[in-house]
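I sat down today with a new structure and a fresh page. Here is what I looked up, entry by entry, in the order I went.

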Amino acid sequence: MFFGGAGVSTESGIPDFRGAEGIYTRAEGRIPPERILSHDFFFEHTEQFYDFYKKHMVYKDAKPNAAHKKLAELERAGKLRGVVTQNIDGLHQAAGSRNVKELHGSIHRNHCVKCGKVYRLEDVLNAAGVPRCACGGIIKPDVVLYGEALDDDTVSGSISLIRAADTLIVGGTSLTVYPAAGLIDFFHGKNLVLINKSETPYDGLATLRLYGSIGELLGSVAL
Ligand code: ZN
């Protein structure tokens, strides 16, 4: 099993939004990304939300890197059960992975909050201002915002995969963002492999720790 965070996508040119500048408004000063990406902010300031979202959350030309590709190859070879990811960019599927649990949702799925009609990413990006459904409702990305719960089926599916794994490779996450980080606690297999640029709170539990580029490290794995 592979469990990955933002660091898996930074090597495809997608920066962690936590590093992004917030929005400045006259009334409130600088609004931090965590507030802009909240459930309440989406409904109260939809236009500002989409300004930030399109600029800092959607990278439609991003391509899978060596880590995404190797994971897809490992799955095809029958050596990897699946991927649990905190990323919303769909790059694992673009690389060919089939069993992907997206804990925080996906920019590629969108729906009308009024009638439920499903929309593509292009429909959201091509809309000037707030994307709207033919029925007049606002289109919302199926991305888990702050103040929203993770999808139950996705979480239970992720837990089942992690529980059943004999080896868990964790990459590109500092393992500090809950509740996603808590999933590691469900792993009771033999080998915990951590790949990260710096230390994590779980390093002491790891069978193998690798510090460096996840694309280079995973990419060099022989099938
Ligand atoms: Zn609608």
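**Entry 1: a helix over a sheet**

I started with helix H4, residues 46–56, which lies across S6 and S8. I looked up its direction too, and H4 runs at about 45° to S8. I noted at the top of the page that this is a predicted model.

Next I wanted to know which strands make up the sheet and in what order. The sheet is open, has three strands and reads S7-S6-S8, with antiparallel pairing. S7 and S8 are the edge strands; each has a single partner, so one side of each is left without a neighbour in the sheet. I reminded myself that strands of a sheet pair through backbone hydrogen bonds, either parallel or antiparallel.

Then I went through the pairings. S6 and S8 run antiparallel and are joined by five bridges. For a place to look on screen, I picked Gly105, which stands opposite Val143 in S8. On the other side of the sheet order, S6 and S7 pair in the antiparallel sense over two bridges. Here I found Asn110 opposite Tyr119 in S7.

I also checked how enclosed S8 is. Four of its five residues are buried, so S8 is largely enclosed by the rest of the structure.

**Entry 2: the hairpin and Tyr119**

S6 and S7 form a hairpin with five residues between the strands. In that hairpin I noticed Gly116, which takes a positive phi near 85°.

I stayed with Tyr119, a residue of strand S7. Is Tyr119 buried or exposed? Its relative accessibility is 11%, so Tyr119 counts as buried, the cut-off being under 20%. I then listed what Tyr119 touches, not counting residues up to four places away in sequence: His108, Arg109, Asn110, Cys112, Cys133, Ala134 and Ile139. I looked up one distance as well: Tyr119 and Cys133 are 14 residues apart in sequence, and their C-alpha atoms are 8.6 Å apart in space.

**Entry 3: the zinc ion**

Two of the cysteines in that contact list led me to the metal, since Cys112 and Cys133 are on the list of Tyr119 and also coordinate the zinc ion.

Which atoms hold the zinc ion? I found the SG atoms of Cys112, Cys115, Cys133 and Cys135, at 2.2 to 2.3 Å. The angles among the four donor atoms are 101 to 119°, and the site is tetrahedral. Along the chain, the donors follow the spacing C-x2-C-x17-C-x1-C.

I traced one pair of donors, Cys115 and Cys135, which links distant parts of the chain, 20 residues apart. Cys115 sits in the loop between strand S6 (105–112) and strand S7 (118–119). Cys135 sits in the loop between helix H7 (121–126) and strand S8 (139–143). I checked how open they are: Cys115 is partly exposed at a relative accessible area of 47%, and Cys135 is partly exposed at 34%.

**Entry 4: aromatic rings**

My next stop was the rings, and the count comes to six aromatic pairs. One of them is Phe42 with Phe43, an edge-to-face pair with 4.9 Å from centre to centre and 85° between the planes. I looked at Phe42 with Phe49 too: the ring centres are 4.9 Å apart and the planes are at 85°, so this pair is edge-to-face, the rule being an angle over 60 degrees.

How accessible are these residues? Phe42 is buried, with a relative accessible area of 0%. Phe49 is also at 0% and counts as buried. Phe43, at 39%, counts as partly exposed. I closed the entry with the cluster that ring pairs build from Phe42, Phe43, Phe49, Tyr50 and Tyr53.

**Entry 5: Asn65**

Last, I looked up Asn65, which is found in the loop between H4 and helix H5 (66–76). Asn65 counts as buried, with a relative accessibility of 9%. Leaving aside neighbours within four places in sequence, Asn65 is in contact with Val8, Glu11 and Ser12. I also checked Asn65 against Asn196, which is 131 residues away along the chain, and their C-alpha atoms are separated by 16 Å.

Technical notes: Residues are numbered from 1 along each chain as its sequence is written. This is a predicted model: local features need pLDDT of at least 70, side-chain atom pairs count only at pLDDT 80 or more; totals for chains, interfaces and linings use all residues. Side-chain values use heavy atoms; hydrogens and water are left out. Donors are N, O and S atoms within 2.8 Å of the metal (3.2 Å for Na, K and Ca); water is not among the atoms, so sites may look incomplete. Four donors count as tetrahedral if all angles lie between 85 and 135 degrees; four count as square planar and six as octahedral if opposite donors are over 155 degrees apart and all others between 65 and 115; anything else is irregular. Buried means under 20% relative accessible area, exposed over 50%, partly exposed in between (1.4 Å probe, protein chains only). Two strands pair if DSSP finds at least two bridges between them. Contact means heavy atoms within 4.5 Å. Axes are lines fitted to C-alpha atoms, for helices over the stretch in contact, and angles run from 0 to 180 degrees between N-to-C directions. Rings of Phe, Tyr and Trp (its six-membered ring) pair if their centres lie within 6.5 Å; planes under 30 degrees apart count as stacked, over 60 as edge-to-face and the rest as tilted.
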